[in-house]
Every structure is written in structure tokens, then in C-alpha cells.
Amino acid sequence: MRYSPEHKAETHARIVRKASVRLRERGAHGVGVADLMKEAGLTHGGFYAHFDSREALVVEAFGYAIDRSMEHWRKLLDQLPPHKRLAAIVDGYLSAGHRDDVGHGCAVPALGAEIAREGAKTRKAFAAKLEELIDLFAEYIVDVPARTARKRASAMLATLTGTLVMARLMGSGELSDDILSSGREVALAVASGGGPAAKSPARAPANRPAKRTAAAKR
């Protein structure tokens with residue numbers, strides 16, 4: 001039976017959408033092609049009618065997840081006054097809800113460590129989407145040169161993702177909540193250019209040899 005191009009496109013999109021959730025939940029190698037196709041209501045045999053390889057699906061599913069995240073952030077932030085946007089990013093990203101909903105959360109902390117071990121093609125696609133996310137956050141860091149905004153956005157995202165990974169490792173208890181709270185403070189300080197993380201550390205004076213006393217000279 002031949003399907004219309006529209007039907008094939010809808011099916012393809014459904015596979016990607018379902019895969020993006022399962023890959024974030026179980027990892028890039030934690031779920032097989034057969035399971036992904038079953039999740040989308042299809043047979044294993046139909047996989048290669050939509051994708052050249054499993055790697056192609058992983059790349060597309062990751063890109064889909066990042067695109068949805070960026071849509072979410074842009075819709076939220078554009079409704080807020082400028083002075084509230086950074087706090088909204090930090091508070092939303094390092095929330096208990098985001099920590100506990102891996103399958104619908106940011107794909108960077110969910111898949112980043114695994115993608116870093118993949119082939120060059122996958123890493124390149126990951127890096128391109130990661131840059132898009134950094135550039136999006138940099139748009140909301142205002143009153144500084146573009147290069148400074150991008151640098152702060154990179155540091156902020158690194159703090160956010162690292163904090164979320166640690167919080168998830170600790171489960172959902174008090175220590176996990178404390179990690180989220182501490183991460184929010186640091187991420188906001190980095191993004192706003194304040195706090196010790198944004199300042200160059202003062203250089204300690206070089207140790208000078210002590211003057212030799214008369215007794216020491218003997």
C-alpha cells in the first residue's frame with residue numbers, strides 16, 4: 001500500500017517526537033530501534049523508510065528536543081520585562097519539575113555525556129544546536145556587548161546543565177533541592193555579571209624569601 005507524502009511526513013514526525021522523549025529518559029543507547037518504532041505505533045521493518053541509520057534518528061530527535069526547548073523559552077521570555085528574564089531562565093531550568101521530568105526536559109544534560117562519545121557527525125550536529133541555545137540566551141543578556149553576552153550565556157548554560165545533572169544524581173531529596181538552590185545563585189550571578197565568579201581573582205603577592213637574621217647567617 002502506497003502512502004501519500006503527507007502521511008509519510010506525519011509518520012516521520014511522530015517517530016522523531018516519540019524518540020526525543022524516550023532517548024532523554026533512557027539515554028542514546030538505552031532504547032532500541034524496535035522499541036522506538038513500537039512506541040510510534042509502527043513495525044521495526046518500516047524504520048529505514050524514514051531514516052538512513054539509527055544515528056540519523058538520534059541526531060534528528062535531539063535537534064527536535066532543542067528546538068522545542070527554544071520555542072518554550074522564547075515564548076516565555078518575550079512576555080516578561082527585561083529585568084525578569086534571566087531569573088526566569090534560571091528558576092525555570094533549575095526547578096524541581098525540570099529535574100524530575102527528564103523525558104520532556106532539556107536534552108543537553110540528558111544526552112550530552114553520551115553524545116560526546118559519538119561519531120564526529122553526531123557531535124557536530126549536537127554542537128550546532130547547543131550554539132543556537134547559547135545564542136538564544138545571549139539575546140536576553142542586555143546592556144553589554146554581544147561578545148560579553150554570549151560568553152555569559154555559555155557560562156550560565158554550563159552552570160545550569162551541570163547543576164541539573166548533579167541534582168538528578170541525588171534524586172529528589174533535600175540535598176538535591178540544595179544543589180538546585182545553590183546552582184540558581186551561581187548561574188544568575190554569572191549571567192548578570194555580578195558575584196565572585198564574574199570577577200578576576202586578585203593575584204596573591206609572590207612569596208619573598210625572609211631576611212636572614214644574624215643567627216641564620218652563621
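Biologist: Helices here are DSSP runs (H or I) of at least four residues, numbered from the N terminus. In which helix is the place of valine 186?

Modeller: This is a predicted model. Helix H9 covers residues 174–192. The place of valine 186 is in helix H9.

Biologist: Is valine 186 buried, partly exposed or exposed?

Modeller: Buried means under 20% relative accessible area, and exposed means over 50%. Valine 186 has 40%, so this residue counts as partly exposed.

Biologist: How far apart are the C-alpha atoms of valine 186 and leucine 160?

Modeller: Along the chain, the two residues are 26 positions apart. Leucine 160 is one of the buried residues of H8. The C-alpha separation between valine 186 and leucine 160 is 9.1 Å.

Biologist: How many helices does the protein have?

Modeller: The elements run α-α-α-α-α-α-α-α-α-α from the N terminus on. There are zero strands. The count of helices is 10.

Biologist: What share of the 218 residues counts as buried?

Modeller: The accessible surface comes to about 13200 Å², with 55% of that area on carbon and sulfur atoms. Of the 218 residues, the buried share is 36%.

Biologist: What span should the 24 residues of helix H8 have?

Modeller: H8 runs over residues 146–169. Its end C-alpha atoms lie 35 Å apart, which agrees with the expected span. At 1.5 Å a residue, that span should be 34 Å.

Biologist: Which helices do the buried residues of H8 pack against?

Modeller: The buried residues of H8 include Ala149, Ala153, Met156, Leu157 and Leu164. Thr161 and Arg168 are also among them. Their packing partners are H4, H5, H6, H7 and H9.

Biologist: Why does threonine 161 count as buried?

Modeller: The place of threonine 161 is in helix H8. The cut-off for buried is under 20% relative accessible area. Threonine 161 counts as buried because its relative accessibility is 13%.

Biologist: Which residues does threonine 161 touch, not counting those up to four places away in sequence?

Modeller: Val108 belongs to H6 and takes part in the contact with H7. Threonine 161 touches Val108 as well. The full set for threonine 161 is Tyr93, Val108 and Pro109.

Biologist: At roughly what angle do the axes of H6 and H7 cross?

Modeller: Two packed helices are described by the angle and the distance between their axes. The axes of H6 (residues 107–115) and H7 (residues 120–139) come within 11 Å. Their crossing is left-handed. The angle is roughly 145°.

Biologist: Which residues of H7 make the contact with H6?

Modeller: By class, the contact has five nonpolar, two polar and one charged residues. H6 brings Val108, Gly112 and Ile115. H7 brings Thr122, Arg123, Phe126, Leu130 and Leu133.

Biologist: How far does H7 reach from its first C-alpha to its last?

Modeller: H7 has 20 residues. The reach expected at 1.5 Å a residue is 28 Å, and the model comes close to that. From first C-alpha to last, H7 reaches 29 Å.

Biologist: Is aspartate 143 buried or exposed?

Modeller: The place of aspartate 143 is in the loop between H7 and H8. Phi of aspartate 143 is near 65°, a positive value in a residue other than glycine. Its relative accessible area is 80%, so aspartate 143 is exposed.

Biologist: What phi does glycine 171 take?

Modeller: Glycine 171 comes just after H8. Its phi is positive, at about 85°.

Definitions and conventions: Residues are numbered from 1 along each chain as its sequence is written. This is a predicted model: local features need pLDDT of at least 70, side-chain atom pairs count only at pLDDT 80 or more; totals for chains, interfaces and linings use all residues. Side-chain values use heavy atoms; hydrogens and water are left out. Axes are lines fitted to C-alpha atoms, for helices over the stretch in contact, and angles run from 0 to 180 degrees between N-to-C directions. Helices (H or I, at least four residues) and strands (E, at least two) are DSSP runs, numbered from the N terminus. A crossing is left-handed if the near helix is turned anticlockwise from the far one by less than a right angle, and right-handed if clockwise. Contact means heavy atoms within 4.5 Å. Ala, Val, Leu, Ile, Met, Phe, Trp, Tyr, Cys and Pro count as nonpolar, Asp, Glu, Lys and Arg as charged, and the others, Gly among them, as polar. The expected span of a helix is 1.5 Å times one less than its number of residues. Buried means under 20% relative accessible area, exposed over 50%, partly exposed in between (1.4 Å probe, protein chains only). Accessible areas come from the Shrake-Rupley method with a 1.4 Å probe; for residues, only the protein chains shown count as cover.
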